[in-house]
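The following exercises are to be worked through with the sequence and the coordinates at hand. Each task is followed by a solution in steps.

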Amino acid sequence: MPKSKDVLLEIRDLQIQGYSDEQWVDIIKGVDLTLHRGEVLGLIGESGAGKSTIGAAAMGYARDGTRISGGSIEFDGMELTTASESDRRALRGSRIAYVAQSAAASFNPAHKLIDQHTEAPVQYRLKKRMEAQEDAIELYRRLRLPNPEEIGFRYPHQVSGGQLQRAMTAMAMSCRPDLIIFDEPTTALDVTTQIEVLAAIRDIVDQFNTAAIYITHDLAVVAQMADTIKVLLKGEEVEEAPTKEMLDNPKEDYTKSLWAVRSLKREQKVRPKDTTPLISVRNVDAAYSSGAKVLDDVSFDVYEGMTVAVVGESGSGKSTTARVITGLLPPMKGDVLFKGEPFPPDYRNRTKDQLRQCQMIYQMADTALNPKVQISEIIGRPAQFYHGLKGAALKSRVDELLDLIELEPSKYYNRYPPELSGGQKQRIGIARALAADPTFIICDEVTSALDQLVAEGILRLLNRLQKELNLAYMFITHDLATVRAIADEVVVMQHGKVVEQGPKTDMFTPPHHPYTDLLLSSVPEMDPDWLTTLLEERGVDNVGEAASSNIKPGDAKVQGTQL
Amino acid sequence: MGDILGLVGKRLGIGLFILLVISVIIFFMVELLPGDIAQAVLGQGATEENLAALRKEMGLDKPAIIRYLEWLGGAVTLDFGNSIVTGERVTTLIGQRFMNTLFLAAYAAVIAVPLAIVLGVLVALLRYTVFDRVANVATLTSISSPEFFLGYILILYFSVNWGMFPAIASLSQDMTLPELLHRTFLPALTLVLVVTAHMMRMTRAAIINLLASPYIEMARLKGTPPWKVIVKHALPNAWAPIINVVALNLAYLITGVVLVEVVFVYPGIGQALVDSVSKRDFPVVQACCLIFAATFILLNLAADVGAILTNPRLRHPK
């Protein structure tokens, strides 16, 4: 890709403050950044590192509750920090465009996609409405959206997430900007969908020689997209280097620690012989009221002290299976057995002892903990409810639980959830599940909202607890790296069916069921050429969703699914 | 569209059911009132025979259930019986007055609703500025002053001091529309002052509530000017709460106008209700209450339908 050497964006000693607790605190502490025309810069770091804030600042925009307090931002010779608001606004959408993390939330639900697409070019009088519509259709075609002629005339809720994300990239292109800010554009997507969005973004940025700032917390993704990578930590730059050099030879310890995260390993256990499984799901069909079947003949076993990972894209029925096991959603057909004995289908008919056996940990610790209730009460309530503990016995049990999750009891006993970090909240969620003294815990995407380092800590904790307390886990996730790290057995689900299941080692060695294969090959790897190679293998029109729709039920490998 | 018709049909069914329940409550509440109606009509000097004869004539000797069913049957065909004070048919007695009230409410609504929404959008756009504060204080003052007070203040200035509008809004059959509008301007203005604040503040709150949405930030980052962000991106998604509060206020315009009608001596249904309560004219009371209830239910139904129709997810199903 030919690169002209003109500097497009130059940020010097940028300082941004955020307003919290009645005072301004520094969130960006003097970051420098230089971007040439046609160059892609990857910004990487944990949440709270200030990546998105810098991205917005590159557009001369300070989010509500933040202010640019120092430094300079020079875009193509224009100083944005001193420019008038109307001058800055005139750049946005026309010369600098933005692609947001969640396209589903960032498209206005009240307007058709194409009307939102043409808004900027029509407003800047670059094109007439009809011309802009034709151009939109052309961009939809280039981004390989299905039915490019027609898709723009739908409303956002009528289009899938991956397609919306591509439509948003098309929208960013509508005025052929010099610079696009991609703010975690694929974080909310499934791996199979992520690929097509990544491929589409990379193509279009290449075709128009657009410069881009690509913000993400996923190293493997940024490795595919960026020419240079800048690592941020708590509003400060850690280091910056060309992609290849950064991947091969990171200099700073923090960067190395980011690279090392994927190293968590745990010995794989095998099923004990001649024992009844702890939980056994037998031929379960389930549906939400008056809807179509969400689960279709789902069967699998979980043995004592083992971890079964349930993987699949969103909408494949993973969480519904959890709801059936816990009794929140009584199945239409089939049973859930506990040590060979059937569990009543509805949780209301289960005894306290049956309820106690099976606990849940949720994805969003933020919403799963009542913000107005003290930690001691959150953990204490199940201990009281299931075991009738009171007074000093209850307090010592809560202390014991806090010790188990590696939080110092005296420090956390009287605190409230909003005072804790994301990882600490998730630990409280774990302690609450443990308080019932269960034998089986369902972990529903427990690490997907967390940064990698924090997530790793949670996984280590879960492993340790499993060893000490002989717990069985059903681990719902869409992240195959997590599966590799912690699972004993794997269940792959698609469209409410189990397409493949077996011990982890078997699942990660070929031959796979084609869907498993698609999932596995879609997980980004650190190799910067991974995406290119994969696209060559699959053919450029056969990525992601398109590939999954190509799996035919009559396929020989589908027939031969092993159990 | 089939889904929407189904939803509307369901809401309509629920509305009719609620109306039925309310009719039961109205009928038996009146029944519970102390005192003998026949006695009230004939006065203290009536003989036992006369009372019995009147009770028979009015059907008061029949069991309450039967009388309720008869009354309900009549109400369905808009026949609420005869007034026991004047002997006139209730329908003719309150029909014209109800039309007058509807006219006044419509007059006020035509001014208040657009005014409130435009003001609401303006204060949302200029939020935390002097304009926002002044608009807030002004509308809050007008909503917190009692209607009769507002009415008298308006009369003092507009009719007594400046002589622009009549102080008394009495109507006659042969008035032309401009005359009518001129004569009823002050009561309509009083009502406008009372309901605008509520609707304006809800419009402002509904819009500001949406300003933190990612799609609003997206619109800003596309370089959309602030007024367009509000009007084109926030307002279309804020209709549901706005429509609801508009419906509540319209209902208030019809059922809550008693004080205004008294101040301006306007021949509306509110006055009819007050008169009939003081005269124990129970068929009129029942009819008025049922009309008020029906108005509330109908307007809330309209608000539900409006909220459904402004929701793109329901209008354009997958």
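**Exercise 1: A sheet in chain A**

In strand S2 of chain A, A:Val31 is the bridge partner of A:Leu14. The model examined here is predicted.

Task. Determine how many bridges join strand S1 to S2 of chain A, and which strands stand at the edges of the sheet.

Solution.
1. Strand S1 of chain A covers residues 7-20 and is joined to S2(A) by 11 bridges. The two strands run antiparallel.
2. The open sheet holds four strands of chain A in the order S2-S1-S4-S5, and the pairing is antiparallel.
3. The edges are taken by strand S2 (23-36) and strand S5 (78-79) of chain A; each has a single partner strand, so one side of each has no neighbour in the sheet.

**Exercise 2: The two domains of chain A**

Task. State the bounds of the domains of chain A, and identify which element gives the most residues to the side of domain 1 of chain A that touches domain 2 of chain A.

Solution.
1. The domain assignment places residues 40-67 + 85-260 of chain A in domain 1 and residues 279-523 in domain 2.
2. Taken over C-alpha atoms, the centres of domain 1 and domain 2 of chain A are 34 Å apart.
3. Nine residues from domain 1 of chain A and 10 residues from domain 2 of chain A take part in the contact, with C-beta atoms placed from the backbone and a cut-off of within 7 Å.
4. On the side of domain 1 of chain A that touches domain 2, helix H8 (191-207) and helix H11 (253-260) of chain A each give two or more residues. H8(A) gives the most, with three residues.
5. By class, this side of domain 1 of chain A comprises three nonpolar, four polar and two charged residues.

**Exercise 3: Chain B against chain A**

Task. Describe the side of chain B that touches chain A, and examine two spans of chain B that UniProt lists as "transmembrane region".

Solution.
1. The contact joins 14 residues of chain B with 21 residues of chain A.
2. At least two residues on the chain B side come from each of helix H10 (214-221), helix H11 (226-255) and helix H15 (312-315) of chain B. H10(B) gives the most, with four residues.
3. The chain B side divides into six nonpolar, five polar and three charged residues.
4. The unreviewed UniProt entry lists, among others, residues 102-128 and 284-309 of chain B as "transmembrane region".
5. Residues 102-128 of chain B are 89% helix and 0% strand, with end C-alpha atoms 37 Å apart.
6. Residues 284-309 of chain B are 100% helix and 0% strand, and their end C-alpha atoms lie 37 Å apart.

Conventions: Residues numbered from 1 in each chain as written. Chains lettered and ligands numbered in written order. Predicted model: local features only at pLDDT ≥ 70, side-chain atom pairs only at ≥ 80, totals over all residues. Domains from an automatic or database assignment. Contact = placed C-beta atoms within 7 Å. Nonpolar A, V, L, I, M, F, W, Y, C, P; charged D, E, K, R; others polar. UniProt positions renumbered as here; feature names shortened; annotations may be inferred. Pairing = 2+ DSSP bridges.
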